[in-house]
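Reader: I'd like to learn how to read a predicted model feature by feature. Could you walk me through one, starting with a turn?

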Amino acid sequence: SFTYGGAAGIEHILGFHRRHGTTRMVASHSAAPLDDLRAGLMSVADVIEAGATGLIGSHLEGPFLAESHCGAQDIRHFAAPDRNVLSSLLRAGRGTVRMMTLAPELSGADELIADLRDAGVVAAFGHTDATYEEVMAAIVAGATVSTHLFNGMRKFHHRDPGAVGAALDHPGVICEVIGDLLHVHPAVVRSLFALKGDAGVALVTDATQMAGLADGAYQWGDRVVTVRGGTAVVDGSLAGSTATMIESVRNLVAAGIPLADVIRSASTTPAQAIGLAADIGEIEPGMRADLVVLDRDLGVVAVIVDGRVSHGPPSWIR
């Protein structure tokens, strides 16, 4: 948990995911008491300022979300859009908040989207019951990303397309997709790529603190999450994912998505989504030397960040 792990916990999370094919990551914070959110954002900022390898900021997935589509999040910590609260959260992050997910239909959300845009923070829509029209208005206001499309939002209907329909319809929206093939059926993943292309799909893990752990029961705040066969469930809802990035890549390839498309959706498109495409996400002169070396079975051989081997066998160390 990036919110509660402190500096040592954050370094541990970074190390784990680096071993599983992640060069850089955005730290997500789900809804929590505001003081805890501010403390978590400050911890991430502290670690970044201390020179942590691979951590590029925070993503606030709350607290301005719709109770009707809370997923595994705790609705006790949801809040109505409040510009002063947003300002305090951004101050706590000291310029390291990269993205915020909110529900566009909530009163005042449009003002927050404008504030996020002015602060250089990506506005995303998710955990929402918004209609197609409400999401389109949010896109006009500046929202550019759909947080884990299909999950945590009004279901698509041919007469009521909702957030899903708006995200698929608007060419400027990048759609996140969770790559565990549990949250989204492989056939739907294929349809998503067919509609949006790899430039419109960002592969995300949605990994929680249960990633990498064996089956069992785990404490998650004041609730208990049960993991069986790699599926995490709390109160009858999927509790995020336990997948790593390299597992997600392999899953999408197994689902029939061309490898090159999957790789771009795991690198180039996410960099574009958070406004860092000038520095990362491509293998080109002048870009940061972030590389993941894979074997023929898509196993991680080495991970290189900023030209330095951060994970790999001794033969790769120079």
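Reader: Which residue in the turn of the hairpin formed by S10 and S11 has a positive phi?

Author: Happy to start there. First, the terms: helices (H or I, at least four residues) and strands (E, at least two) are DSSP runs, numbered from the N terminus, and two strands pair if DSSP finds at least two bridges between them. Here S10 and S11 have two residues between them, and aspartate 235 in the turn has a positive phi of about 50°. The two strands pair in the antiparallel sense over two bridges, and valine 234 stands opposite serine 237 in S11.

Reader: How far should I trust such details, and how do I count residues?

Author: This is a predicted model, so local features need pLDDT of at least 70 and side-chain atom pairs count only at pLDDT 80 or more, while totals for chains, interfaces and linings use all residues. Residues are numbered from 1 along each chain as its sequence is written, and side-chain values use heavy atoms, with hydrogens and water left out.

Reader: What lies on the other side of S10, towards S9?

Author: Strand S9 (residues 223-228) and strand S10 (residues 231-234) are antiparallel partners over three bridges. Valine 227 has alanine 232 as its bridge partner, and arginine 228 has threonine 231. In this hairpin, with two residues between the strands, glycine 229 takes a positive phi near 60°.

Reader: Which strands stand at the edges of this sheet?

Author: The sheet is open, with four strands in the order S8-S9-S10-S11 and antiparallel pairing. Strand S8 (216-220) and strand S11 (237-238) are the edges; each has a single partner strand, so one side of each is left without a neighbour in the sheet.

Reader: How do I read the side chains along S10?

Author: Look at burial: buried means under 20% relative accessible area, exposed over 50%, and partly exposed in between (1.4 Å probe, protein chains only). The side chains of S10 alternate, with Ala232 and Val234 pointing to one face and buried, whereas Thr231 and Val233 point to the other and are not.

Reader: Is histidine 183 buried or exposed?

Author: Histidine 183 is buried, because its relative accessibility is 13%. You will find histidine 183 in the loop between S6 and helix H7 (186-196). Contact means heavy atoms within 4.5 Å; not counting residues up to four places away in sequence, histidine 183 touches Asn151, Ile178, Asp206, Leu238, Gly240 and Ser241.

Reader: Which side chain does histidine 183 join through a polar contact?

Author: A polar contact is a pair of N or O atoms within 3.5 Å; within protein, one must be able to donate a hydrogen and the other to accept it, and residues adjacent in sequence count only if both atoms are side-chain atoms. Here the partner is the side chain of aspartate 180, at 2.8 Å.

Reader: And proline 171, is that buried or exposed?

Author: Proline 171 counts as exposed because its relative accessibility is 77%. Its place is in the loop between helix H6 (162-169) and strand S6 (174-178).

Reader: One last feature: how many disulfides are there?

Author: A disulfide is a covalent bond between the sulfur atoms of two cysteines. The test used is a pair of cysteine sulfur atoms within 2.5 Å, and the count comes to zero disulfides. As for burial, cysteine 70 is buried at a relative accessible area of 19%, and cysteine 175 is buried at 0%.
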